[in-house]
Amino acid sequence: MTHRHVAVCILTYRRPQGLADAVASVARQRLPEATQLSVIVVDNNPAATAEATLARAGIPRPANLIVVHEPTPGVAAARNRALDAAAEHGADDVAFLDDDDVAEPDWLAALLATRTRFGADVVAGPALPAFTHTPPAWVTRGGYFTPRDRPEGTPLDGAATHNVLIARDVLRRTEVRFDTRLHTAGGEDTVFFAELHAHGARMVWSAHARVHETIPPHRTTARWLWRRWLTYGRSELLRREKVGAHGARRGRFAWTGLRRAGYGLVLTLVVLPAWPFGGKGLVIKRTKALCRGISMLAALARVDPGEDKRRTPPGA
C-alpha cells in the first residue's frame, strides 16, 4: 500500500472561533490506511495570534499541528507560504480548507479516493452553506451560496481553495504560484487553478468531499453580493493574460466588459419593477452581469471597485 503524506493548510486572519472549528474538524478526520496527516495553519495577522487562539480553544488537536506566520498582508502571500510549508515538511498532497469551513469526517478520505480513482492532479469538492441565521427568502430561492450539483469525477477547468486537494507533483512540475498582484482583491485561486489547467493538470470533482461554510448575516445582503461580483474584473484579466486567452487583448477585454455591462443593465431595468412585489432576488440576480461588466472596465483602468479580502472583518 502506498504511503501518502497530506498537509491540510488553513489560512487565518482574525477568525478565532472559525479557526478553532476548522482545526477541530480536521482532527476528527477518518483517514485511509497509510495516510500521514499534517495540519499547517498560516497566520496572516501581523499580531500572530493563531497559536494563542488554538491554545485557548480547548479543541481536539491533530498530532502534527504546525503554525507558521506570514506577515506579508494578503491571501496570495499566505497561500504561497502554505505551499512552501507543505514542501518543507515533505507532503505528497496539499489540501486547502478555509477558516470559516468545517469539514465532514470523511472529507479528506473522499478527496483522496477521487484522486486515486481518476488519476487527478487536483480534486475539488462542494462547500455547503451553514447559515448562522435564517437567511432572507430571496437568498434561499436564488441559491447564491449553493454549489453546483456535479456527478463524481466531473472534469473541471477551475477550482476554489476552500475545498481542494492538490498533488505536489503537479506543483513541482509547473512551478505555479498564487499571484500576489491579487493579494487583497481576491480571485487569486481562480487564476492559480486556471494556470494549472493550462499546464495540463487533470482536475476533477469529488461529490462526497463536503465541507460546511459558515455564512454570517452580513453576507446575505445585496451589498455583499454586489461587492463580491465587482471583484471579478482584475482576476479575470490576469487569468486571460496568464493562460494566453484571445480575450486578454485590452480592446477585446473592454468590448466584452461593455457588452456584459450593457446586457446586465438591460436585464436589470426589465425586472426592476418587480422589486416591490417580492422580486428582489430576481433583480439582484440580474445585476450580476452588470457588476461583472463594470469590474472588467475598472480592471483596465486599474481601479478595484470590490472588496479587500484580507481586510474583511472577522466572520466575513
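Accessible areas here come from the Shrake-Rupley method with a 1.4 Å probe, and on that footing the accessible surface of the chain comes to about 14400 Å², of which 54% belongs to carbon and sulfur atoms. The model is a predicted one, and the description that follows moves from the overall form of the chain to its interior and its charges.

Taken along the principal axes, the C-alpha atoms fill a box of roughly 60 × 45 × 40 Å. For a chain of 316 residues, a compact globule would be expected to have a radius of gyration near 20 Å, and because the chain itself has 20 Å, the two values agree. Within this outline the chain carries 11 helices and 10 strands. Among the contacts in the chain with a separation of 6 or more, 82% are accounted for by residues 24 or more positions apart.

Turning to the interior, 51% of the 316 residues of the chain count as buried. Two cysteines can be placed with respect to this division: Cys-9 has a relative accessible area of 0% and Cys-291 one of 8%, and because buried means under 20% relative accessible area, Cys-9 is buried and Cys-291 is buried as well. A search of the whole structure for disulfides finds 0, which means that no pair of cysteine sulfur atoms lies within 2.5 Å.

As for charge, the chain has 43 positive side chains and 31 negative ones, and the centres of these two sets lie 8 Å apart.

Note on methods
Residues are numbered from 1 along each chain as its sequence is written. This is a predicted model: local features need pLDDT of at least 70, side-chain atom pairs count only at pLDDT 80 or more; totals for chains, interfaces and linings use all residues. Side-chain values use heavy atoms; hydrogens and water are left out. Buried means under 20% relative accessible area, exposed over 50%, partly exposed in between (1.4 Å probe, protein chains only). Helices (H or I, at least four residues) and strands (E, at least two) are DSSP runs, numbered from the N terminus. The radius of gyration is taken over C-alpha atoms; the globule rule is 2.2 Å times the number of residues to the power 0.38. Contact means heavy atoms within 4.5 Å. Lys and Arg count as positive and Asp and Glu as negative; His and the chain ends are not counted. The place of a charge is taken as NZ of Lys, CZ of Arg, CG of Asp or CD of Glu.
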